[in-house]
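User: Please take a close look at one part of this model and describe it in a connected way, beginning with how the helices pack and going on to the contact between the chains.

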Amino acid sequence: MTHNQHRISSPYIKPASTVSGVMATVLLALIPAAICYTWFFGIGFLINLAITSVLGLLIEALVMRARGRPVFFYIGDLSMLVTAMLLSFALPPGSPWWIAASGIFIASIFGKHVFGGLGHNVFNPAALAYVSLLVMFPIQMTGWYLPGTGSYAEAPIDPLSAHGIYTSLQLSFPFLREMALTPFSVVPDGFATATPLIEYKFAAPARILMAEAEGFSVWDRQARTGWEMLALSFAVGGLILIWQRVISWHIPVTVIGMVLLLSTLFYQPGQEAIVGSPWLHLFSTSTMIGAFFIATDPASSPSSATGKLIYGVLIGSVMYSIRIWGSYLDSVALAILLVNMCSPLIDEWTVRTHLGRSRVRKKSS
Amino acid sequence: MSRIKRSFFIKKVIKPILFRLARKPGWLSPIHVLPGGIVPAPNKQVSLQHKIVGMPSTQLPLPSELILPLKQHQGDDAVPVVRPGQYVYKRQLIAAANGQRSVNLHAPTSGFISAIDYQLAAVNTKPQPGRPWQQTIDPRQTAIVLKTDGKDLIDPDLPLKPLLFTHWQQRTTDQLRQAVFDAGICGLGGAGFPTAIKLGACAIKTLIINGAECEPYISADEALMREHAVEIIEGARIIQTIVGAQVCVIGIEEDKLEAIEAIQSAIAGLEAANHPVSGLSVIKLALVPAIYPSGGEQQLIRIITGIQPMSGQRPSDVGVLCHSVATARAVFKAITDGEPLISRVTTVTGSALRNPVNVEVLIGTPVSHLLQFAGCDSAALERLLVGGPLMGYAVDDLETPVLKTSNCLLAASQQDIQSVDASSVPHRDCIRCDFCAPVCPVKLQPQTLYFLSRHQRHDSAVQNGILDCIECGACAAVCPSHIPLVAYYRDEKALIHHEADSGESSTWRALFEKHQQRQADNVVAVQQRKLEKLQHKLDSIAEGDNPAKDPLVESGSPTSHKSAEQIKREIEAAVARTRARKAELLSKADANKDGGQ
């Protein structure tokens, strides 16, 4: 059956929600995080968002046309915008434009349409695109070139000042740098620009200890506190989604709970540089966006409540394991992709027992 | 939708518990939680502004013609016993039941029979065997057409039954059940199951009278409870006597305040009158949360008793019987008044009408007559539904008659229902959002069933319980992709039944037989329990003082004939034993009664 036929049959009542409504709720729930991201890291995020959205809609339209489906009807479900937004959050704000472009291409074609479109995808498109980019362009994807955080010696530049915006544009569109009269020299700095967790793992705990010895608090500066504020705004958005019943509580609670549990179990005071504190695991990394927005993608997660609990526990433990014992930079997307593969099997195992199938219930009175 | 679902847990679980603890009237009997359900906007008040309009009356004259289909119920067609041109009186039998699983049809008013083989237009173009009695009238459906003469005469020669049945308590249960059968009563809640068959069930412990009319727009039962509460209670008492139920519970949705008050005062009146029916407990009132579909038979039984019949079982197999308030009233009228089922209360509502109202309408009245009465704005009329917006069916032909099962006519405009134009747009793909599973009252997984139905994987569909789907439409109502889920299920069920009948697929057939075997096993287990209960009951009766009761064992359950020979013999032996016991009991009971008089 190539086309979805509508048949005249009960129920005739007006449906309570629409797909575009659901997607719009997700977009609205992401707005606090978008504001936060732009506030702390400059307009690089908005540039990425613009590129991914426009290109994503274009690709979607072309694919729908090629598949012989009504183009505007299917674009109207807004799911592409959600994917574009989530992908933009995952991309480094200062990455060149072609990173975002190839990312949305992978997300749309290989993440979604090769499986049959929205609802049929096995993997979360945004997570798939992010991991593919990480493998293909490791340097661009891990060096976070941020305006205003060149090094500690310089005074912090406001990323939303004219200078910061200009820098962001130059970072996203490298050809501007050659055209510009006064090229801005970008100083890539590992410590300043990677997420704290990556730093804890790879970049010499000695440097952190050194910084602390100099009286510098890691959480003082904008780009630092930015991570926590961002995680909190994702959590706020996720709670909005749960409140609006767009997602159920099962996956976020189990993912966060599992990360919290493991990081508490393995926590060693004095060894934060190696294993990280529970706070760091929850709020200084992408745990929140993963738990609330990526892992809860309905198409690639199991459908039953029990299945969702299993799925969340798996994601949480894989996430923590990759972080501590694995050698990949960001564990969230990878963990979700791995567990995405399991979700059909989880679905198979956790079939709901409907009423009348189980044993006769005893009368309670 | 989010707002609807958010109030759920509070409404379903916390509120009943709190109210029970606070000892609020009506909340005293414990209720159980129904899984799933939705809360659509009720829209019932518009049709409750006025009292029930009678027919014929000055406001609502008789239509010139009544169209009376021979099959308005579940079971075999009735057989016409009149000829064209014949004059019939009101209440006269015009089509006789064809065996026990059929119901009689009576003339709703006096007039001449103009045809007995009128071919009724099909309601749905595609016959859908899932619920044939509700979803469609078979295209070959024949009907008797009655030309009314406007005099509304009752046959003067007809013996007046009211005298006969004034003191119904003195009649035996067999006589009472026969009277119900003669009156041609079938379930008025929608399914149209012959009531006399239901009343023949044995070992019934709980009788539930269903006043939980959960579907939006429909207010017929509510209006009935407001205005005829005493008759309903009396009818419930009659049914309780017939089946010998120890407990009778009337389940009403909590938001029907006036109906609750009326029923409460009727129960109080009954207690005050102190009817001389021994051995029967008082009628209890149970308020249930106003959630769709808490008024479904199985759902209400689950809410009130906590009992869940297994797949393939009838509620009577687990000792529960459920009748709607409209059926209770019809039984009351048949027993005390001798009036067969010739009219019913129907809601005529919808935004396309100027005067939505509840009408006590004669069976067979063309829909157009009622729409005209209620002031139908044909420009605004988007679609005419018989039944509510969730489980009703659309009719195109305005000459379609009101049936015994038609509880509502919904002249829907665009603000009531999904626009007709939407049917020309393809629906979106399933995004697996899982909104549907939490609202399923049978705890099915609707999205899985959708994929299986769509790809016609019959075996998996049966394993996932598609045959237990009650087609309430809650899943489709919350589906953001607007997938007509129920239509898919109905098609799939039709295919499953079709293939099982024609034997097209041997693997599927084996699975279906397995399913039936399981159902049969259930039935066997139930029969066993039933017999044990019966034994217990007989023992207690043999000891002394219980009133006469008819413990007829029904061995003809539809699935039992499929079971293995040995099981069959066992049942038959058991039934024979029970029958012998019954005869003994009856003679004893008669002897007791004679002695008493």
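Analyst: In this predicted model, H2(A) passes H4(A) in a right-handed crossing. The axes of the two helices, H2(A) spanning residues 44-66 and H4(A) spanning residues 79-90, come within 8 Å and cross at roughly 145°. On the side of H2(A), the residues that make this contact include Phe45(A), Leu49(A), Gly56(A) and Glu60(A), while H4(A) contributes, among others, Met80(A), Ala84(A), Leu87(A) and Phe89(A). By class, the residues of this helix-helix contact divide into nine nonpolar, six polar and one charged.

Turning to the contact between the chains, 74 residues of chain B are in contact with 55 residues of chain A, and the two chains bury about 5900 Å² between them, with 53% of that area on carbon and sulfur atoms. Arg428(B), Ile431(B) and Arg432(B) together supply 13% of the area that chain B buries against chain A, which is more than any other three residues.

As for polar interactions, there are three salt bridges between chain B and chain A, and Arg69(A) and Asp429(B) meet through their side chains in a salt bridge at 3.3 Å, N to O. Between the two chains, 17 residue pairs are in polar contact, counting pairs with both residues at pLDDT 80 or more. Several elements of chain B each supply at least two residues of the side that touches chain A, including helix H1 (2-6), strand E14 (383-386) and helix H17 (485-502). The largest share, five residues, comes from H17(B), and that side of chain B has 37 nonpolar, 21 polar and 16 charged residues.

Conventions. Residues numbered from 1 in each chain as written. Chains lettered and ligands numbered in written order. Predicted model: local features only at pLDDT ≥ 70, side-chain atom pairs only at ≥ 80, totals over all residues. Heavy atoms only, no water. Contact = heavy atoms within 4.5 Å. Buried area = accessible area lost by both parts, 1.4 Å probe. Salt bridge = Lys/Arg side-chain N within 4 Å of Asp/Glu carboxyl O. Polar contact = N/O pair within 3.5 Å; in protein donor to acceptor, adjacent residues only side chain to side chain. Helix = DSSP H or I, 4+ residues; strand = E, 2+ residues; numbered from the N terminus. Nonpolar A, V, L, I, M, F, W, Y, C, P; charged D, E, K, R; others polar. Axes fitted to C-alpha atoms, helices over the stretch in contact; angles between N-to-C directions. Left-handed = near helix turned anticlockwise from the far one by under 90°.
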